[in-house]
Amino acid sequence: MAHTTALQPVILAGGAGTRLWPLSRADHPKLFLRLDGAQSPFQATVRRLEGLDAAPPIVVCNAAHRFLVAEQLEAIGVTAAAVLLEPEGRNTAPAVALAALHARADGVDPVLLALPADHRMDHPAGFRAAVPAAGRAAAEGGLVTFGVPPTRPEPGFGYIRPGLDEGGAVRSVAEFREKPDPATAAALVEAGGWYWNSGIFAFRASAYLVELDRHAPAVARACRAAMAGSRADFGFLRPEEGAFRDGPTASVDRALMERTDRARMIPLEGPWSAGWGDIGSWEALTGLNQPDGADNVATGDTRLRDCRGSRVHAESRLVAAIGIEGLVVAETADAVLVAPRARAEEAAAIVAGLRAEGRPEADHHPRVHRPWGRAETLAAGERFRVKRLEVRPGAALSLQRHHHRAEHWTVVHGTARVHLDGATFDLGEDQSTYIPVGATHRLENPGPDPLEVVETQTGSYLDEDDIIRLEAGLPG
């Protein structure tokens, strides 16, 4: 069997991030949001690899987010080695198993560097400096995690206590403590000698799979069956859905690291200090944006007057605040959250309640991504809906028709090629056309620039399941 010490990054891009609702939704989660105005956590994680001697990354993501992944990789000029699509989130152990099996498919055995895509690092050079030591330990058979010196008691993180083998770059692991209660977290930090578990791992693909077979065989079986039945789909790889869903949900920590005798830890401290943080809550966002002199963080179109210690985010309109203290105010086009900072993470409970009521705001953002571009709902009411469509150069929507709705398209920017009941014609800016109920139609962008169209839908039923697709769209 061929072996190699080549480093194969694996970007774990699953998860919904309900604690950051209403910004983060199931169909547009936190890791794809440009929370600092420059790049998303997913993009920052990929770019963190720059300067390492590593292969192009394998990305594991939810199938619903595949076009977000493709768009964001293209925006930073990165081509993935593969994008593996999970039909649903099953936590990190199955996600890494899919990547390990794919990496082993050609008979090689690389060291995997598995990175969750919802972390921040203020000093990525320190992390990159630590990676070679982790890679060497992994090449020798260790299952390596990266430990972070705690700066505060944090019940939302797991903790690691290294063994007594002082002085080495790589430490043994004596004990894991998974997300303790606040009092226990405070006691661990006070006692010293404990590290936060970053959830970043390095191990040979074969070593991971051997230990998974030993300690979590149901996960291993499901993932092997899923990859055996995988199929290519327009540049993505889809593991077989039924087999994958048959496997249990499990984290790498619970399935392996807490059970194996091969666990090792690299401390991200000293010259390897990385300024690591988890982007899982409103408090964690403070590290991405500099507070003002009154400890406020305001993003988007905001105006604050006599406010202190607050987090204010505007996405679609002006948000003004006067005299508030210690609050989170988060606005999107269809929802607003107002909460004390100390209770903002209870947004997850709000999301659960909205799901139980069948409310779309729980999971769906007004802006959705498609292979051809994106669509954003601007207004909706009884018997009408207005959307803004942005179609990529060379892309086209599917050839389709509707039983219950008519559409009116107005070109705002670019050139639209319209296929309507066998006829084809072009529309320029400020021109429009009407699509009757039942008409066969397609919208295409033949030009070199993005096409922007305002679509007005009218009719007795406007949901997306009223689309009869006759031919697939073109991704551009």
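This briefing describes how some helices and strands of the structure are arranged, and then turns to one residue in a loop. The model is a predicted one. Helix 6 (residues 205-215) takes part in two of the packings described here, with helix 3 (residues 92-103) and with helix 7 (residues 217-228). An open sheet of four strands is described next, followed by Arg341, which lies in the loop between strand 19 (336-340) and helix 10 (347-356).

**Helix 3 and helix 6**

- The axes of helix 3 and helix 6 are 9 Å apart, and the two helices pack at an angle of about 130°.
- Angles over 145 degrees count as roughly antiparallel and those from 65 to 115 as roughly perpendicular, and helix 3 and helix 6 are therefore oblique to each other.
- Their crossing is left-handed.
- On the side of helix 3, the residues in contact are Thr92, Ala93, Val96, Ala97, Ala100 and Leu101, and these meet Ala205, Tyr208, Leu209 and Leu212 in helix 6.
- Sorted by class, this contact between helix 3 and helix 6 has nine nonpolar residues and one polar residue, with no charged residues.

**Helix 6 and helix 7**

- Helix 6 and helix 7 cross at roughly 125°, and their axes come within 5 Å.
- At this angle, helix 6 and helix 7 are therefore oblique to each other.
- From helix 6, the residues Leu209, Leu212, Asp213, Arg214 and His215 meet Pro217, Val219, Ala220 and Arg224 in helix 7.
- By class, the contact of helix 6 with helix 7 has five nonpolar residues, one polar residue and three charged residues.

**The four-stranded sheet**

- The strands of this open sheet follow the order 14-16-18-19, and their pairing is mixed.
- Strand 14 (297-299) and strand 19 each have a single partner strand, so these two stand at the edges, and one side of each is left without a neighbour in the sheet.
- From one strand to the next, the twist averages 5°.
- Strand 18 (residues 327-331) and strand 19 run antiparallel and are joined by five bridges.
- Within this part of the sheet, Glu331 stands opposite Val336 in strand 19.

**Arg341 in its loop**

- The side chains of Arg341 and Asp295 are joined by a polar contact of 3.3 Å.
- Leaving aside residues up to four places away in sequence, Arg341 touches Glu283, Asp295, Gly309, Ser310, Arg311, Gly326, Leu327 and Val328.
- Among these neighbours of Arg341 are Leu327 and Val328, and strand 18 covers residues 327-331.

Technical notes. Residues are numbered from 1 along each chain as its sequence is written. This is a predicted model: local features need pLDDT of at least 70, side-chain atom pairs count only at pLDDT 80 or more; totals for chains, interfaces and linings use all residues. Side-chain values use heavy atoms; hydrogens and water are left out. A polar contact is a pair of N or O atoms within 3.5 Å; within protein, one must be able to donate a hydrogen and the other to accept it, and residues adjacent in sequence count only if both atoms are side-chain atoms. Contact means heavy atoms within 4.5 Å. Axes are lines fitted to C-alpha atoms, for helices over the stretch in contact, and angles run from 0 to 180 degrees between N-to-C directions. Angles under 35 degrees count as roughly parallel, over 145 as roughly antiparallel, 65 to 115 as roughly perpendicular and the rest as oblique. A crossing is left-handed if the near helix is turned anticlockwise from the far one by less than a right angle, and right-handed if clockwise. Ala, Val, Leu, Ile, Met, Phe, Trp, Tyr, Cys and Pro count as nonpolar, Asp, Glu, Lys and Arg as charged, and the others, Gly among them, as polar. Two strands pair if DSSP finds at least two bridges between them.
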